[in-house]
Amino acid sequence: MARSEAPASRISLDVVEAQAGGDVGRVIMDGVTDLPGNTVVGRAEFLQHEADGLRRCFVSPPHGTPSHCLNLIVPPSDARADTGLIIMGTMGYPGFSGSNAMCAVAALAEAGRLPTTEAEQRLVLETPAGLSTLDIGCRNARVETVMYEAVPGFVATGEHRLEVEGWGSVPLELVYGGTSYVMVRGAEMGIDPATASIEALQHFCAALFASLDPAWCIHHPLLGDLPPPSMILLAGAPERSPIKGMSVPLAVYMHPGVICRGPTGTGTTALLAHLMKRGELPPGTTVRTVSPFGNVFEGTLLGSARIGDVTGVRTSIRGHPRVLVRSQVFLDEEALSCEAQGFRRLFETPPVDERVG
């Protein structure tokens with residue numbers, strides 16, 4: 001794509017939009033300089049605390065919507081990784097996101113930074129949550145499937161009961177699937193994501209968030225205390241079919257107000273951790289998670305995992321990403337005038353175009 005010169009008062013970013021599991025991820029391919037920080041975690045923290053304007057520009061009009069996420073390809077800090085990825089969205093800065101990792105892979109291939117031969121390729125991705133290995137299948141010079149082994153998930157708390165206005169006592173727990181979730185078995189509460197309207201799902205989740213203790217958070221054995229959860233996982237009743245196997249309706253809510261179009265990769269990992277903890281899912285089982293919009297991921301429980309002194313799960317997640325749009329996005333001085341200090345530093349020198357893989 002030819003990149004036109006932007007006036008001095010405007011910043012130009014080359015952006016690829018892709019979708020995986022129904023959710024759209026926008027990937028910045030060019031226009032952001034090397035971030036301060038020696039690690040992927042450190043660079044994400046710089047964005048969060050010093051330059052959050054980049055995220056805010058892309059999750060609100062006129063440049064974006066709350067339902068879309070933003071992805072930034074960065075150099076890895078772990079020698080075992082091929083590339084690094086920082087994910088941003090309405091929920092903030094999640095440690096990992098399966099759909100966004102898939103969107104980033106599709107964008108890299110579209111830009112010629114990954115080979116698109118028919119032979120399966122392997123890419124090691126570093127995110128703030130750790131390393132994830134992605135197996136990539138291509139056909140006709142485009143990415144067709146991505147399957148990745150997720151960062152280990154685990155159930156972080158026992159069951160709590162929370163008084164939620166209009167719903168009474170709601171049983172829930174905190175589960176980690178690469179990011180923090182408040183997990184609710186929605187079908188048991190009369191809010192089954194397979195049958196409830198989007199408006200009803202939003203209303204329930206907003207009421208639940210209003211009742212949460214803002215200090216309630218997950219302690220990760222390796223990463224320490226995580227930010228309070230900004231996502232809810234509503235699980236429906238498992239369904240079994242001799243043809244499709246096991247399926248679970250799954251609604252993912254990003255606070256405030258967004259029901260994801262897909263079941264998400266981290267949500268699928270969190271669900272598998274929850275089901276294994278309850279003894280409802282033996283290792284080797286593959287589960288189709290289905291969003292209220294009908295979009296699907298396939299999650300396989302590989303077995304148990306040790307995370308510090310906590311027992312969690314190893315999972316693999318499979319999806320079918322595809323590129324939607326390649327565009328040039330302009331941010332002008334007026335849009336940037338109220339943004340966080342440090343935002344302008346992202347664009348002060350030309351970026352380095354490094355081939356991945």
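Good morning. In this predicted model, the structure contains one cavity of 30 Å³ or more. The space inside this largest cavity comes to about 150 Å³. Nineteen is the count to keep in mind for its walls: 19 residues line the largest cavity, and those nearest its centre are Cys69, Met91, Ser97, Ser99 and Asn100. Two elements, strand 2 (23–30) and helix 3 (98–110), each give two or more residues to that lining. Strand 2 contributes the most, with three residues. As to chemical character, the lining of the largest cavity consists of ten nonpolar residues, eight polar and one charged.

Since strand 2 has been mentioned, allow me to pause on one of its members. Val27 is placed in strand 2. Is Val27 buried or exposed? Val27 counts as buried, because its relative accessibility is 0%. The C-alpha atom of Val27 is separated by 9.9 Å from that of Leu13, and the two residues are 14 apart along the chain.

I turn next to the largest pocket. About 550 Å³ of space lies in it. Which residues of its lining are closest to the centre? Of the 23 that line the largest pocket, they are Tyr93, Pro94, Gly95, Leu226 and Pro227. Helix 1 (residues 40–50) supplies the largest share of this lining, namely four residues. The lining of the largest pocket divides into 14 nonpolar residues, seven polar and two charged.

Let me now step back to the chain as a whole. Its secondary structure comprises six helices and 21 strands. The C-alpha trace spans about 55 × 45 × 40 Å along its principal axes. A compact globule of 357 residues would have a radius of gyration near 21 Å, so the 20 Å of this protein chain agrees with that expectation. Of the 357 residues, 55% count as buried.

The next topic is aromatic contacts. How many aromatic pairs does a search of the whole structure find? The search finds four aromatic pairs, and I shall describe two of them. In general, a pair of aromatic rings is described by the distance of the centres and the angle of the planes.

Among the four pairs is that of Phe154 and Tyr176, which is tilted, with 5.4 Å from centre to centre and 35° between the planes. This pair links distant parts of the chain: Phe154 belongs to strand 8 (residues 154–155) and Tyr176 to strand 10 (residues 168–176), 22 residues apart. Phe154 counts as buried because its relative accessibility is 3%. Tyr176, at 3% relative accessibility, likewise counts as buried.

Another tilted pair is formed by Phe209 and Tyr253, with 5.9 Å between the centres and 40° between the planes. Here too distant parts of the chain are linked, since Phe209 is in helix 4 (residues 198–211) and Tyr253 is in strand 16 (residues 245–254), 44 residues apart. Phe209 and Tyr253 are both buried.

One further contact involves a ring. Arg261 lies over the face of Phe293, at 4.1 Å from the ring centre.

I come finally to the backbone. Most residues other than glycine have a negative phi, and most peptide bonds are trans. Which peptide bonds deserve attention against that background? The bond from Pro61 to Pro62 is cis, with omega near 5°. Pro62 is found in the loop between helix 2 (53–58) and strand 3 (69–74). The bond from His255 to Pro256 is also cis, with omega near 5°. Pro256 has its place in the loop between strand 16 and strand 17 (258–259).

Two residues other than glycine with positive phi should also be noted. Asn140 has a phi near 55°, a positive value. Asn140 is located in the loop between strand 6 and strand 7 (142–149), and it counts as exposed because its relative accessibility is 64%. Thr264 has a phi near 65°, again positive. The loop between strand 17 and helix 5 (265–277) holds Thr264. Is Thr264 buried or exposed? At 6% relative accessibility, Thr264 counts as buried.

Strand 6 itself offers a last example. Cys138 lies in strand 6 (residues 130–139) and counts as buried, because its relative accessibility is 5%. Cys138 and Leu114 are 24 residues apart in sequence, and their C-alpha atoms are 11 Å apart in space. Thank you for your attention.

Definitions and conventions: Residues numbered from 1 in each chain as written. Predicted model: local features only at pLDDT ≥ 70, side-chain atom pairs only at ≥ 80, totals over all residues. Heavy atoms only, no water. Phe/Tyr/Trp six-rings, centres within 6.5 Å; stacked < 30°, edge-to-face > 60°. Buried < 20%, exposed > 50% of the residue type's maximum accessible area, 1.4 Å probe, protein only. Lys NZ or Arg CZ within 6 Å of the ring centre and 35° of its normal. 1 Å grid on protein atoms, 1.4 Å probe; cavity = no way out; pocket = protein on both sides within 12 Å on 5 of 7 lines; lining within 4 Å. Points joined across faces, edges and corners; volume = space filled by probe spheres on them. Nonpolar A, V, L, I, M, F, W, Y, C, P; charged D, E, K, R; others polar. Rg over C-alpha atoms; globule rule 2.2 N^0.38 Å.
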